[in-house]
Amino acid sequence: MKVKAKFLNKKDRIQYLDSLYTAASCLKTRDDIKKFLRDLLTESERIMIGRRIVIAQKLLKNESHDDIVKEMKVGLDTVFKIQRWLKDEVRGYEKAIEELEKIFKKRDEKYLKKKKDIDDYYMKPFARLKKKYRLHYLLFNIFDK
């Protein structure tokens, strides 16, 4: 049953929100949080929250409202609502997105390093042989330097 927040008394509202925040803060790994959100929210709710985060990222990168509306296929009022949340004094969005950017950057670096290692392994078999059998490829090694 859906409950409207404006009809809750202050004590109940604090209790419900405290339960949510405490439960979320107990989870340490990404996998645990992922399972928790899967159990807690429907898929469309998770997607909706994810889209809000992406819109906030775009706003923090100073992308225009019209570009965001076209790319994300959302209404202009949604973009303004998220911008209003970003200007809020609490800074919840900004902090989360700063951490998110750091994580994405680490992932990209890890992916590129792994891709480079794989490319080096498969694309340069001759280089591996030259390194392994240095004396056999002595002339090649001299010319490479």
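Start your tour by selecting E63: at 27% relative accessibility, this residue counts as partly exposed. Keep in mind as you click around that you're looking at a predicted model.

**Stop 1: the partner of E63**

Leave E63 on screen and add K58. The two form a salt bridge, and their closest N and O atoms sit 3.9 Å apart. Is K58 buried or exposed? With a relative accessible area of 11%, K58 is buried, while E63 is partly exposed at 27%. So here a buried lysine pairs with a partly exposed glutamate.

**Stop 2: two salt bridges inside helices**

How many salt bridges does a search of the whole structure find? The count is 4. For another of them, hop over to helix α2, residues 30-40, and pick out D31 and K35, which lie 4 residues apart, about one turn of the helix. Their closest N and O atoms are 3.3 Å apart, and they form a salt bridge. Color this pair by accessibility and you'll get partly exposed for both ends: D31 has a relative accessible area of 42%, and K35 has 47%.

Next, go to helix α6 and select E99 and K102, which are 3 residues apart, again about one turn of the helix. Their side chains meet in a salt bridge, 3.5 Å from N to O. E99 is partly exposed at 38% relative accessible area, and K102 is partly exposed too, at 48%. Now swing back to K58 and E63 and add E71 to the selection: salt bridges that share partners join these three residues into one network.

**Stop 3: the nonpolar core**

Time to look inside. Select I55, A56, L59, I68, M72, V74, V79, I82, L86, Y93 and I97; these 11 residues make up the largest nonpolar core. Which helices each supply at least two of its residues? They are α3 (43-60), α4 (65-72), α5 (76-86) and α6 (92-123).

Zoom in on I82 while you're here. Leaving aside residues up to four places away in sequence, I82 touches R52, I55, A56, L59 and Y93. Show those side chains as sticks and you can trace each of the contacts from I82 yourself.

**Stop 4: a nonpolar patch on the surface**

Back to the outside. Select L17, L20, Y21, I33, L37 and L40, which form a nonpolar patch on the surface. Together they have about 500 Å² of accessible area. Helices α1 (10-26) and α2 each supply at least two residues of the patch. For a closer look, click L37, which lies in helix α2. At 32% relative accessibility, L37 counts as partly exposed.

**Stop 5: two loops with a twist in the backbone angles**

Finish with two loop residues. What is the phi of N62? Phi is near 65°, a positive value in a residue other than glycine. You'll find N62 in the loop between α3 and α4, where N62 counts as exposed at 70% relative accessibility.

Then move on to K73, in the loop between α4 and α5. Phi of K73 is near 55°, which is also a positive value in a residue other than glycine. K73 counts as exposed, at 70% relative accessibility. Label N62 and K73 before you go, since each is a non-glycine residue with a positive phi.

Methods:
Residues numbered from 1 in each chain as written. Predicted model: local features only at pLDDT ≥ 70, side-chain atom pairs only at ≥ 80, totals over all residues. Heavy atoms only, no water. Core = buried A, V, L, I, M, F, W, Y, C linked by side-chain atoms within 4.5 Å. Buried < 20%, exposed > 50% of the residue type's maximum accessible area, 1.4 Å probe, protein only. Contact = heavy atoms within 4.5 Å. Patch = residues over 30% accessible without salt bridge, like charges linked within 9 Å, V, L, I, M, F, W, Y side chains within 5 Å. Areas by Shrake-Rupley, 256 points an atom, 1.4 Å probe, with all protein chains shown as cover.
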